Amino acid sequence: MTQRFVLAIDQGTTSSRCIVFDQHARLAGMAQRTHRQHYPRSGWVEQDALEIWRTVERLVPAALRDAGITVDQVAAIGIANQRETTVVWDRHTGLPVRLAIVWQDVRTEALVDQLKQLPGAQRIPELSGLPLATYFAAPRLRWLLDEVEGLRARAERGDVLFGTMESWLIWNLTGEHVTDVTNAGRTLLMNLTTRQWDAELLRFFDIPPAVLPRIEPSTGDFGTARTLVPGVRIGAALGDQHAALFGQTCFAPGETECTYGTGGFLMMNTGSELIRSRHGLLTTIGYQVGPEPVYALEGPIAVTGSLVQWLRDIVGLIATAPEIETLASTVDDNGGCYLVPAFSGLYAPHWRSDARGLLIGLTSYVTKGHLARAVLEATAWQTRDVVEAMNADAGLQARSLRVAGGMASNNLLMQIIADVLDTPVTRPLVTETVSLGAAYAAGLAVGYWPDLQGLRRNWKAAAQWTPSPDRRIRDEEYERWQRAVQLSVGWARPATTG
């Protein structure tokens, strides 16, 4: 009998990858390629959705070749994607109307401030589970409808379509205009309880319903591919961090994972309970397999891995990203300096778009080793900010943290995080948890894997870090970090004169 496999398409912020997994969750083949980032103005971040699709067109056959398999051996396809990045394309030509607006983009800051003054703004968190912020897709879509000449009229006629990256890829693969609950839930337009587009939210943001995709559970039938892998079913779609939660098999309430990539995204499974955050977190759908969703609390951190890139590419203190671990290991602590990487504001749990980056505590004692250590600690302190808020919201103590992403390979950072959280940190054997989660969900949809418990048996730990015992010093340093965060707030506002 011919062996079959599941193909995951992981469309990320800086690159796209395709990974082939076998039934034991082993990586059988992979292809990856970066795409360009466009920065037309300060605070603007854009990508070419057509370039991304053409990249995927090359990667899928390359991954199959690397695995040594043919299309008829692919049981299903799962798609994971960078969330909130906004694409609008012409229904008839299939061409994007302009470059996609990336989740990191803050051009809608003034628009969001205006929207916050409107009647009904206070209802948005109640309906969507999310704060009104530049981070989400609805303000970007509204900006496009307002700023691109003639676009609103085309949208109202149904001549253009909106979607996040999974919708764009599925449309190109199948011709279906569809999304899943995890991505729809990041637009500010989906009702978190009904899991459908909400008429009140659409009116508030002035979005024509004709542009919106159909909402489906995370696993199901997203259409059959007509190109690249003709005849293969798209069995799942999830936002990347939801896919990571699924790939880490965090299926029980309280289980928590964090993916450290360009940013850091920490998510806790809260089960069937929809917990309204009172501490600056996002209430979201973790995933939906079957009729009912599993909810989660999430704390997105804007800058983690990109801070190391900044130290390498802009500051020039290191030549390669892995060098930061070596440099930071030359010292035992941060020498008293703290770096708050609020390059475009702070995300959870602060949500301050007026914050800006700050390096404080410098003395003549501080060396480049201390600076490298402060860069790593910035990720750890931000993680603690989110975990403390999560524990307070959920009433569930995170007993361990499962980690993945590029920064999870930094052993020193993982130890620092374990120390800062006073919680064990575990890295799995398969670190491509976003891709694996998409594959798992797609495989479940077609019966390739029988159930969630079977997926749990696939999960294996590769390394674990336990916290050091000195909590007093840790808490004192955390207090200084919190002071530094407060000093970073307000820098983007105009200075006042007395």
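A salt bridge is a side-chain nitrogen of Lys or Arg within 4 Å of a carboxyl oxygen of Asp or Glu. I wrote this down before opening the structure, which is a predicted model.

**Entry 1: a salt bridge**

I looked up Arg-107 and found that it forms a salt bridge with Glu-46, the closest N and O atoms being 2.8 Å apart. Side chains of opposite charge can pair when their charged atoms come close. I then asked where the two partners sit: Arg-107 lies in the loop between β7 (100-101) and α2 (109-116), while Glu-46 belongs to strand β4 (residues 46-47), so the pair ties together parts that are 61 residues apart in sequence. Counting by the rule above, I arrive at 25 salt bridges.

**Entry 2: helices α2 and α4**

From that loop I went on to α2, whose axis comes within 10 Å of the axis of helix α4 (residues 137-147), the two crossing at roughly 105 degrees. The helices α2 and α4 are therefore roughly perpendicular to each other. I noted that α2 brings Leu-111, Val-112 and Leu-115 to the contact, and that α4 brings Pro-139, Arg-142 and Trp-143. Sorted by kind, the residues of this contact are five nonpolar, no polar and one charged.

**Entry 3: the five-stranded sheet**

Next I traced an open sheet of five strands, which has mixed pairing and the order β3-β2-β1-β5-β11. Which strands stand at the edges? They are β3 (27-34) and β11 (234-239), and each has a single partner strand, so one side of each is left without a neighbour in the sheet. On average, neighbouring strands here are turned by 15 degrees against each other, direction ignored.

I followed one pair more carefully: strand β5 (residues 74-81) and β11 run parallel and are joined by five bridges, and within this pair Ala-80 has Leu-238 in β11 as its bridge partner. Helix α6 (residues 165-174) packs on this sheet, where it touches β1 (5-11), β5 and β11, and its direction makes about 145 degrees with that of β5. Helix α14 also packs on the sheet, touching β1, β2 (15-21), β5 and β11, with its direction at about 140 degrees to that of β11.

**Entry 4: helices α9 and α14**

I stayed with helix α14 (residues 433-445) and saw that its axis and that of α9 come within 7 Å and cross at roughly 75 degrees. The helices α9 and α14 are therefore roughly perpendicular to each other. Among the residues making the contact are Ala-243 and Phe-246 of α9, together with Leu-436 and Tyr-440 of α14. The whole set divides into nine nonpolar, three polar and one charged.

**Entry 5: the seven-stranded sheet**

The other sheet I looked up is open and has seven strands in the order β14-β15-β13-β12-β18-β19-β20, with mixed pairing. Its edges are β14 (282-288) and β20 (461-465), each with a single partner strand, so one side of each has no neighbour in the sheet. Neighbouring strands of this sheet are turned by 30 degrees against each other on average, direction ignored.

Strands β18 (residues 401-404) and β19 (residues 425-428) pair in the parallel sense over two bridges, and Arg-402 stands opposite Thr-426 in β19. Helix α9 (residues 240-247) packs on this sheet, touching β12 (256-260), β13 (264-271), β14 and β15 (293-301), and its direction makes about 60 degrees with that of β14.

**Entry 6: a record entry**

Finally I checked UniProt, where an unreviewed entry lists residues 6-247 as "domain: Carbohydrate kinase FGGY N-terminal". In the model, the end C-alpha atoms of residues 6-247 lie 14 Å apart, and the span is 33% helix and 22% strand.

Terms used:
Residues numbered from 1 in each chain as written. Predicted model: local features only at pLDDT ≥ 70, side-chain atom pairs only at ≥ 80, totals over all residues. Heavy atoms only, no water. Pairing = 2+ DSSP bridges. Helix = DSSP H or I, 4+ residues; strand = E, 2+ residues; numbered from the N terminus. Axes fitted to C-alpha atoms, helices over the stretch in contact; angles between N-to-C directions. Contact = heavy atoms within 4.5 Å. UniProt positions renumbered as here; feature names shortened; annotations may be inferred. Parallel < 35°, antiparallel > 145°, perpendicular 65-115°, else oblique. Nonpolar A, V, L, I, M, F, W, Y, C, P; charged D, E, K, R; others polar.
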